[in-house]
Amino acid sequence: MNAFRKHHLKPWGVELVEKYPLIFLDNPSLRDTYKIDPNEFVSLRYGFEHDAGWASLIDELASNGAQLVTHLRANGFPDARINGYICKEKFGTLRWQGDANLPKPFDTLWYSFTNRIEEKSASICEVTGQYGRICRSKSGWVKTLCKTEAEKLGYTPCEN
């Protein structure tokens, strides 16, 4: 099985994973279940399943998640955790899927934050990180792209 291994990551993905080990590396039960070397393990199924333009969104998401977990652990919740399993593009926007063990109301706070990041991705080019719009290819695929990337890839902006 090749899932959950760092070799699926692009250089920008390795940087994010190493910057936020609480979110992407701190999952011994998953690592042990699949018998993966700790140096090769990452909690993401197949790495980041989107282009580099959304790396800043993942950075924002993981930063807030790591701060939240660190705060909770320091304040009486030693089992607090957030694990990212899937970060991908779907229907033109970012999708974050994972597991969390957070006390109320922090669980609601976390899920509202992930939803906000997903909404924000609808205006950020998945390729460049610049302002973008949801666009459609002739075959029906949808991506959020800036004007230059949309033209290069043969996508046209969707109507609002």
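These questions and answers cover the confidence, core, aromatic pairs and sheet of a predicted model. Residues are numbered from 1 along each chain as its sequence is written. Local features need pLDDT of at least 70, side-chain atom pairs count only at pLDDT 80 or more, totals for chains, interfaces and linings use all residues, and side-chain values use heavy atoms, with hydrogens and water left out.

Q: In which helix is confidence lowest in the protein chain?
A: pLDDT is the predictor's confidence in each residue, from 0 to 100. The chain mean is 94, and 99% of its residues reach 70 or more. Helices are DSSP runs of H or I, at least four residues, and strands are runs of E, at least two, numbered from the N terminus. Confidence is highest in α4, at 98, and lowest, at a mean of 87, in α3 (residues 28-33).

Q: Which element gives the most residues to the largest nonpolar core?
A: A nonpolar core is a set of buried Ala, Val, Leu, Ile, Met, Phe, Trp, Tyr and Cys residues joined through side-chain atoms within 4.5 Å. Among the 30 members here, I23, F24, L44, F48, I82, W96 and W110 touch the most others. Elements giving two or more residues include α1 (11-19), β2 (81-90) and β3 (93-101). The top contributor, with 9 residues, is α4.

Q: Is T114 buried or exposed?
A: T114 lies in helix α5 (residues 106-120). Its contacts (heavy atoms within 4.5 Å) include L61 and W96, not counting residues up to four places away in sequence. Buried means under 20% relative accessible area, exposed over 50%, partly exposed in between, with a 1.4 Å probe and protein chains only. T114 has 5% relative accessibility, so T114 counts as buried.

Q: What kind of aromatic pair do W96 and W110 form?
A: Rings of Phe, Tyr and Trp (its six-membered ring) pair if their centres lie within 6.5 Å; planes under 30 degrees apart count as stacked, over 60 as edge-to-face and the rest as tilted. The structure holds 6 such pairs. For W96 and W110, the centres lie 5.9 Å apart, with 80 degrees between the planes: edge-to-face.

Q: Which strands stand at the edges of the sheet?
A: Two strands pair if DSSP finds at least two bridges between them. The open, mixed sheet runs in the order β1-β2-β3. One side of each edge strand has no neighbour in the sheet, because each has a single partner strand: these are β1 (48-49) and β3.

Q: Which residue in β3 is the bridge partner of G84?
A: β2 and β3 pair in the antiparallel sense over 9 bridges. In β3, the partner of G84 is G98.
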